[in-house]
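Good morning, and thank you for joining this group meeting. I would ask you to keep the sequence and the structure in view while I speak.

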Amino acid sequence: MSAATTRSRTQRTPRTPDRLCAEAVGFARAAAEEAAAPGVVGEHVEVVVEGDRVVTHLFECKELGYRGWRWAVTVARASRAKVVTLDETVLLPGPDALLAPEWVPWSERLRPGDMGPGDLLPTDAEDLRLEPGYSGEDAPPPNSVLSQELAERVEAEDAELAAADAAPAADAVPARGSLAALAEELGMRRARVLSRYGLHTSADRWDEGYGAKTPMAQAAPASCVSCGFLVPIGGSLGQAFGVCANEFGPADGHVVSLAYGCGGHSEAAVMPKPPRPAPPVLDETKVDELPLRPAPDSGSVKAADTDPDEDLGHS
Ligand code: SF4
């Protein structure tokens, strides 16, 4: 019999369980109860055929915290034997088991905002987001006249300076006249700068947080490009982004897309003026009598109101 035939026969899983193994439910339960705490082995759930004369009995696990898990007891019987023996007992998750989230290696676990004070985050030498600060492509060829001339001049100057003063950190200072020295003088010397890929990913990320498609921008009366609170930034990203400096805005201190916007736009809303009372109305067609003294009592008023001529006529 060939090895392949033997392997295929040993790997074949029968459809019907071995009768003696399938009937050994009590034996399997006793094994499960021995492994588990008393009273946590529940109802018999099912029988799973593992191979010839090998089956696994599954029992509910009633332990709190293991909802959906099942005690699996595998039993087996030797060929032509009448005795069922125990293989193993183990607690396994069922289809509805409550499981812990999938484990993530530490190197992939870092998320934005995870860094705290004092933490160091090493950057890979092959980090795609970065590229060398200068490539040297524009340097004069080593055999060019210019290069030779410069080298001689620099050499002479260096010799003079070296005699004048010692340079304790000479290894950290770039050679005079080199591209690195020139870049440092201009404030541009960095070992690595953002690569095209780094620029694109940064722009995508910023646009996602403070871009034209955000609900805030959709409801804004105008965009940041015309806002007085926008601080422009340099570099190629300055063509599409700036920094918001409105302390009451939702993006104060953040890089915002020029197409972003919010209700705090400097020109979008006009401050309402406080209501002014109406000017007083002067009616010059009517004379209002103002009593100089307080009115006498009501009886005297009636007498005063009576026409004196009438009174005389009656008498
Ligand atoms: S206040 Fe609003 S509109 Fe103005 S720059 Fe900031 S986010 Fe843009």
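Let me begin with one pair of charged residues, R70 and E46, whose side chains form a salt bridge with 3.6 Å between N and O. This contact links distant parts of the chain, since R70 belongs to strand β3 (residues 69–77) and E46 to strand β1 (residues 41–51), with their positions 24 residues apart in the numbering. I should say at once that we are looking at a predicted model.

How accessible are the two partners? R70 has a relative accessible area of 18%, so it counts as buried, the limit being under 20%. E46, at 34%, is partly exposed. In general terms, side chains of opposite charge can pair when their charged atoms come close.

How many salt bridges does the count give? The count comes to five. Besides R70 and E46, I shall present two of them, each within a helix.

One joins R19 to E23, and here the closest N and O atoms are 3.4 Å apart. Why are R19 and E23 separated by about one helical turn? The reason is that they stand four residues apart in helix α2, which covers residues 19–23. R19 itself is exposed, because its relative accessible area is 56% and the limit for that class is over 50%.

The other joins R29 to E33, with a distance of 3.9 Å from N to O. Both residues lie in helix α3 (residues 25–35), and again the spacing is four residues, about one turn of the helix. R29 has a relative accessibility of 25% and therefore counts as partly exposed. E33 falls in the partly exposed class as well, with a relative accessible area of 40%.

I now turn to the surface patches. Which residues make the nonpolar one? L110, M115 and L121 form a nonpolar surface patch of about 280 Å². Of these, M115 is located in the loop between α4 (106–109) and β5 (130–132). M115 is classed as partly exposed because its relative accessibility is 44%.

There is also a patch of negative charge on the surface, where D283, E284, D288 and E289 gather. E289 sits in the loop that runs between β9 (255–257) and α9 (298–305). With 76% relative accessibility, E289 counts as exposed.

Let us move to the cysteines. How many disulfides are found when the whole structure is searched? The search finds zero. Two cysteines may serve as examples of how such residues are placed. C21 has a relative accessible area of 0% and is therefore buried. C227 is buried too, with a relative accessible area of 14%.

My last residue is S195. It occupies the loop between β6 (192–194) and α7 (196–209). Is S195 buried or exposed? S195 is buried, because its relative accessible area is 5%. The C-alpha atoms of S195 and P132 are separated by 8.4 Å, although these residues are 63 residues apart along the chain.

To close, I would return to the pair with which we began. The salt bridge between R70 and E46 connects strand β3 with strand β1, whereas R29 and E33 both lie in helix α3. Thank you for your attention.

Key. Residues are numbered from 1 along each chain as its sequence is written. This is a predicted model: local features need pLDDT of at least 70, side-chain atom pairs count only at pLDDT 80 or more; totals for chains, interfaces and linings use all residues. Side-chain values use heavy atoms; hydrogens and water are left out. Patches are made of residues with over 30% relative accessible area and no salt bridge: like charges are joined within 9 Å, nonpolar side chains (Val, Leu, Ile, Met, Phe, Trp, Tyr) within 5 Å. Accessible areas come from the Shrake-Rupley method with a 1.4 Å probe; for residues, only the protein chains shown count as cover. A salt bridge is a side-chain nitrogen of Lys or Arg within 4 Å of a carboxyl oxygen of Asp or Glu. Buried means under 20% relative accessible area, exposed over 50%, partly exposed in between (1.4 Å probe, protein chains only). Lys and Arg count as positive and Asp and Glu as negative; His and the chain ends are not counted. The place of a charge is taken as NZ of Lys, CZ of Arg, CG of Asp or CD of Glu. A disulfide is a pair of cysteine sulfur atoms within 2.5 Å.
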